[in-house]
Amino acid sequence: MALLLHDYFRSSASYRVRIALNLKGLPYRQQAHHLVKGEHRAPDYLGINPQGFVPALADGDVLITQSVAIIEYLEEAYPDTPRVLPATPVERARVRSLAAVVAADTHPLNNLRILKYLQTELGLDEAARTAWYHRWLKECFDALEARLTAEPDTGRFCHGDDPTLADICLVPQIFNARRFAFDLSPYPTVMRIFDAAQALDAFVRAEPDRQPDAE
Ligand SMILES: N[C@@H](CCC(=O)N[C@@H](CS)C(=O)NCC(=O)O)C(=O)O
């Protein structure tokens, strides 16, 4: 089997790639790197990804980092698999734009190294760190709820009736929100789409607690 995913069960960026691989029916092996134990900063892993992030995907001799780049690679390198980007440039732009609300503008503010920095360098206590986390989740979900409710291309999923990159980014962000006790009740459209995604085996199998390294 050619595909090897470097991941961690709780990593939402890795979770995105697991969903995409499952939707595409591409078999893959996993190699876990325990983030809390700092295994992603070990020299051997920095040789794979000098940024010290999971995920990274090895496809034979090809090594790709950054979850959205990995998913777009899979889309292009395996064109006979189910698509996670729609057909037209306008539709693809909408899907990428929704995905970027999570992947570009929210997740980078709330990942492990930022939370560690707030704690160890800025001395913020747990309540302040949670307030930070919730602050950026609120901006994210307020914007997504407004867009997904108003825009006519929203369907059963974020875009139409099939899952796309936008849903792939949304679902792990909702898992993060729940883990940090963020109230999702003001977001009925977002949660309707979440429920639609969770009805699919490809999303369920990618869940953090179902991974071999889950604790
Ligand atoms: N933009 C990157 C973000 C990757 C990322 O932040 N990964 C997190 C886990 S979700 C990580 O490895 N964090 C390590 C750290 O913060 O020290 C992607 O989409 O792949």
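This short talk covers the ligand site of the structure above and two backbone features among the residues named there. Keep in mind that this is a predicted model.

I'll start with where the ligand sits. The space it takes up is the largest pocket. Domain 1 runs from 3 to 83 and domain 2 from 89 to 202; both give residues to the shell around the ligand, so the ligand lies between the two domains.

Next, the shell. There are 16 residues around the ligand, and those that come nearest are His40, Val54, Gln66, Ser67 and Arg113. By type, the shell has six nonpolar residues, seven polar ones and three charged ones. Which helices supply at least two residues each? They are α1, residues 12-24, and α6, residues 112-120. Of the contributors, α1 gives the most, with three residues.

Now the polar contacts, taken one by one. At arginine 113, a polar backbone atom is 2.8 Å from an oxygen atom of the ligand. At asparagine 111, the side chain has an N or O atom 3.0 Å from a ligand oxygen. At arginine 41, again in the side chain, an N or O atom is 3.4 Å from a ligand oxygen. As for cover, the ligand taken alone exposes 510 Å², and the protein buries 91% of that.

Last, the backbone, at two places. Val54, already listed among the nearest residues, is joined to proline 55 by a cis peptide bond, with omega at about 10 degrees. Proline 55 itself is in the loop between α2, residues 43-48, and β3, residues 56-59.

The second place is glutamine 66, also on the list of nearest residues. What is the sign of phi at glutamine 66, positive or negative? Phi there is positive, near 75 degrees, in a residue other than glycine. Glutamine 66 lies in the loop that runs between β4, residues 62-65, and α3, residues 67-77.

Definitions and conventions: Residues are numbered from 1 along each chain as its sequence is written. This is a predicted model: local features need pLDDT of at least 70, side-chain atom pairs count only at pLDDT 80 or more; totals for chains, interfaces and linings use all residues. Side-chain values use heavy atoms; hydrogens and water are left out. A residue is near a molecule or strand if one of its heavy atoms lies within 4 Å of it. A polar contact is a pair of N or O atoms within 3.5 Å; within protein, one must be able to donate a hydrogen and the other to accept it, and residues adjacent in sequence count only if both atoms are side-chain atoms. Accessible areas come from the Shrake-Rupley method with a 1.4 Å probe; for residues, only the protein chains shown count as cover. On a 1 Å grid over the protein atoms alone, a cavity is a set of points where a 1.4 Å probe fits but cannot get out, and a pocket is an open set with protein on both sides within 12 Å along at least five of seven lines; lining residues have an atom within 4 Å of a point. A molecule sits in a cavity or pocket if more than half of its atoms lie within 2 Å of its grid points. Helices (H or I, at least four residues) and strands (E, at least two) are DSSP runs, numbered from the N terminus. Ala, Val, Leu, Ile, Met, Phe, Trp, Tyr, Cys and Pro count as nonpolar, Asp, Glu, Lys and Arg as charged, and the others, Gly among them, as polar. Domain bounds come from an automatic or database domain assignment.
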